[in-house]
Amino acid sequence: SFMQVQVTMASQRARALEALRKAGSNRPALDLIALALRSQSAGFEKVIALIDGMVKNLQAEQKADDGKKEYCDKEFDAADDKKKGLELSIKDSSTIIDELEGSI
């Protein structure tokens, strides 16, 4: 019956909490599990929902970062091409100046 399921779930929760206490609380993951087990109103559902929300936000941020990286890569390539062109122009101009100075 429903009452037996509640008692069983409560006893399972208590046993799991006791096992975590025996394991020690020097690991953050176990602390999080123990916190969820102590909470009667919101178990892992709330924690999982928060983690899922965080994952969705991180995925959106990663997608935006990927787009920005692609843009930056294109801009760096364009700037590098422009730099090489200007360096070549300076070299050509220096050569012309040297030739003209030699003819004077």
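## An all-helix pattern and its salt bridges

The chain has 3 helices and 0 strands, and reading along the sequence gives the pattern α-α-α. Please keep in mind that this is a predicted model.

Let's start with the inside. Of the 104 residues in the chain, 7% count as buried. The accessible surface of the chain amounts to about 9100 Å², and carbon and sulfur atoms account for 61% of that area.

Which residues make up the largest nonpolar core? This core has 5 members: Leu17, Leu20, Leu30, Ala34 and Leu37. Two elements, α1 (2–23) and α2 (28–38), each give two or more residues to this core, with α2 giving the most, namely 3 residues. In soluble globular proteins, nonpolar side chains tend to be buried together.

Now for the charged side chains. Across the whole structure, a search finds 4 salt bridges, and the table shows three pairs among them.

| Pair | Closest N to O distance |
|---|---|
| Asp73 and Lys69 | 3.0 Å |
| Lys84 and Asp80 | 3.6 Å |
| Glu87 and Lys83 | 3.9 Å |

Where do these pairs sit? Asp73 and Lys69 belong to helix α3 (residues 44–103), and because they are 4 residues apart there, about one helical turn separates them. Lys84 and Asp80 are likewise 4 residues apart in helix α3, about one helical turn. Glu87 and Lys83 also lie in helix α3, with a spacing of 4 residues, or about one turn.

How accessible are the partners? Lys69 is exposed at 52% relative accessible area, whereas Asp73 is partly exposed at 36%. Asp80 counts as partly exposed at 35%. Glu87 is partly exposed at 44%, and Lys83 is partly exposed at 48%.

Methods. Residues numbered from 1 in each chain as written. Predicted model: local features only at pLDDT ≥ 70, side-chain atom pairs only at ≥ 80, totals over all residues. Heavy atoms only, no water. Core = buried A, V, L, I, M, F, W, Y, C linked by side-chain atoms within 4.5 Å. Buried < 20%, exposed > 50% of the residue type's maximum accessible area, 1.4 Å probe, protein only. Areas by Shrake-Rupley, 256 points an atom, 1.4 Å probe, with all protein chains shown as cover.
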